[in-house]
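Work through the exercises below with the sequence and the model open. Each task is followed by a solution in steps.

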Amino acid sequence: MRVLAAMSGGVDSAVAAARAVDAGHEVVGVHLALSATPGTLRTGSRGCCSKEDAGDARRAADVLGIPFYVWDFADRFKADVIDDFVAAYAAGETPNPCLRCNEKIKFSALADRAVALGFDAVATGHYARLEDGVLRRAVDADKDQSYVLAVLTAEQLSRAMFPVGDTPKPQIRAEAAERGLAVANKPDSHDICFIPSGDTRAFLGAKIGVRPGAIVDSDGHRLAEHDGVHGFTIGQRKGLGLPGPAADGRPRYVTDIDPESGTVRVGGADELNVWTVRADRAIWTSGELPEGPIECIAQVRAHGGTAPAIAEAIGDGLVARLREPLTGVARGQAVVLYRPDTLGDEVIGSGTITGADRERDDRGTAELASDTSR
């Protein structure tokens, strides 16, 4: 096959490209230029897609003996990832920019261009596995990225390759060293690549401006003022601008955000528990809607936040009724569903969270199916 290897400049994508070469594919490396001013992107151990990374990717391609190109996706990245990120926070949501980058850039814009140029697949260094079109968790649970890939459609998955998902990260580094790749010991990227300072609140404030509002407690009593809902997320404890804990000594957490009134509500940890998660923009990785309610394991954050659930497709979205409560569930995040009979290893689908309910719903699959048929 003709394979386009997306090379970020890190060790994972370099080894992924190398393994594609070893498999006998005709491989071409490409690095994505995601900023018109790449010097403003994070560098070193805290970045990705910077000028430094482009150079590392080129050197890795030279070692592998494959052609290498840099493709400019700066305009698409700004519109589909950065602007989306800012708009979501302005609306009181908590987006995941890496998830959106996978959905809109790496496996849409990039993959579309690859197909147009005659490539059969795009290989990346993501930690996940693809088996007969089924998206599964990586062998290395600490590095698993199936959550941020669960937004991919069956068609997008059909032209994707994740060559490193079957190997723990330490072995990937050892393999890179054996291959003579200079990135073998390069630190992993962290944080958000398009926020050079690492200060997300300041970045958003400069984009959105001051939009004052009130911080109130569970009873609606005004506790403090703030400069904008973009500075908060559900479950947040630090940086609330409050003089201290509640009267009973317990810490306060953000439990609700109303972007229309600018109100941020805080309360105790028990007020973060939710039992039902609602989402839109549902993606079913098989390409087919599930028939009726299904047993699953629901995950609401990239690392952690899982609970057994019953989920069902409703229109273009889904509802997941949890068997155990989850905390810190925020609008704009993704809820990803995993198949329980594979020990939560196989991805069923995903949706973008639009709301959550704190009341428990103990109905079983048969009762939900009855409701659905009415």
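**Exercise 1. An aromatic pair in one helix**

Are Phe85 and Tyr89 buried or exposed? The model is a predicted one, and the solution should also describe how the two rings are arranged.

Solution.
- Step 1: Phe85 and Tyr89 are both buried.
- Step 2: The two residues are 4 apart in helix α3, so about one helical turn separates them.
- Step 3: A pair of aromatic rings is described by the distance of the centres and the angle of the planes. For Phe85 and Tyr89 the centres are 5.1 Å apart and the planes are at 65°.
- Step 4: Planes over 60 degrees apart count as edge-to-face, so the pair of Phe85 and Tyr89 is edge-to-face.
- Step 5: Phe85 and Tyr89 belong to a cluster linked by ring pairs, along with Phe77, Phe194 and Phe203.

**Exercise 2. Another aromatic pair**

Find how many aromatic pairs the whole structure holds, then classify the pair of Trp71 and Phe73.

Solution.
- Step 1: The search of the whole structure gives 6 aromatic pairs.
- Step 2: The ring centres of Trp71 and Phe73 lie 6.5 Å apart, with 40° between the planes, and the pair is tilted.
- Step 3: Trp71 has a relative accessible area of 12% and is buried.
- Step 4: Phe73, at 4% relative accessibility, also counts as buried.

**Exercise 3. The packing of α3 and α4**

Describe how helix α3 packs with helix α4, and name the residues in contact.

Solution.
- Step 1: Two packed helices are described by the angle between their axes and the distance between the axes. For α3 (residues 74–90) and α4 (residues 97–116), the angle is about 160° and the axes are 9 Å apart.
- Step 2: Angles over 145 degrees count as roughly antiparallel, and α3 and α4 are therefore roughly antiparallel to each other.
- Step 3: Their crossing is right-handed.
- Step 4: From α3, the contact uses Arg76, Phe77, Asp80, Val81, Asp84 and Phe85. From α4 come Pro97, Arg100, Cys101, Lys104, Ile105, Ser108 and Ala109.
- Step 5: Sorted by class, the contact of α3 with α4 comprises 7 nonpolar, 1 polar and 5 charged residues.

**Exercise 4. The crossing of α1 and α7**

Apply the same procedure to helix α1 and helix α7.

Solution.
- Step 1: Helix α1 (residues 11–22) and helix α7 (residues 169–178) have axes that come within 10 Å and cross at roughly 65°.
- Step 2: The range of 65 to 115 degrees counts as roughly perpendicular, and α1 and α7 are therefore roughly perpendicular to each other.
- Step 3: The crossing of α1 and α7 is left-handed.
- Step 4: Val11, Asp12, Val15 and Arg19 of α1 meet Lys169, Ile172, Arg173, Glu175 and Ala176 of α7.
- Step 5: The contact of α1 with α7 contains 4 nonpolar residues, no polar ones and 5 charged ones.

**Exercise 5. Two residues outside the helices**

Where are Thr94 and Met1, and which residues do they touch beyond four places in sequence?

Solution.
- Step 1: Thr94 is in the loop between α3 and α4.
- Step 2: With 12% relative accessibility, Thr94 counts as buried.
- Step 3: Thr94 is in contact with Tyr89, Thr233, Ile234, Ala330, Arg331, Gly332 and Gln333, leaving aside neighbours within four places.
- Step 4: Met1 lies in the segment before β1 (2–6).
- Step 5: Not counting residues up to four places away, Met1 touches His25, Glu26, Asp120, Ala121 and Met161.
- Step 6: The C-alpha atoms of Met1 and Val27 are 8.4 Å apart, with the residues 26 apart along the chain.

Notes
Residues are numbered from 1 along each chain as its sequence is written. This is a predicted model: local features need pLDDT of at least 70, side-chain atom pairs count only at pLDDT 80 or more; totals for chains, interfaces and linings use all residues. Side-chain values use heavy atoms; hydrogens and water are left out. Axes are lines fitted to C-alpha atoms, for helices over the stretch in contact, and angles run from 0 to 180 degrees between N-to-C directions. Angles under 35 degrees count as roughly parallel, over 145 as roughly antiparallel, 65 to 115 as roughly perpendicular and the rest as oblique. A crossing is left-handed if the near helix is turned anticlockwise from the far one by less than a right angle, and right-handed if clockwise. Contact means heavy atoms within 4.5 Å. Ala, Val, Leu, Ile, Met, Phe, Trp, Tyr, Cys and Pro count as nonpolar, Asp, Glu, Lys and Arg as charged, and the others, Gly among them, as polar. Rings of Phe, Tyr and Trp (its six-membered ring) pair if their centres lie within 6.5 Å; planes under 30 degrees apart count as stacked, over 60 as edge-to-face and the rest as tilted. Buried means under 20% relative accessible area, exposed over 50%, partly exposed in between (1.4 Å probe, protein chains only).
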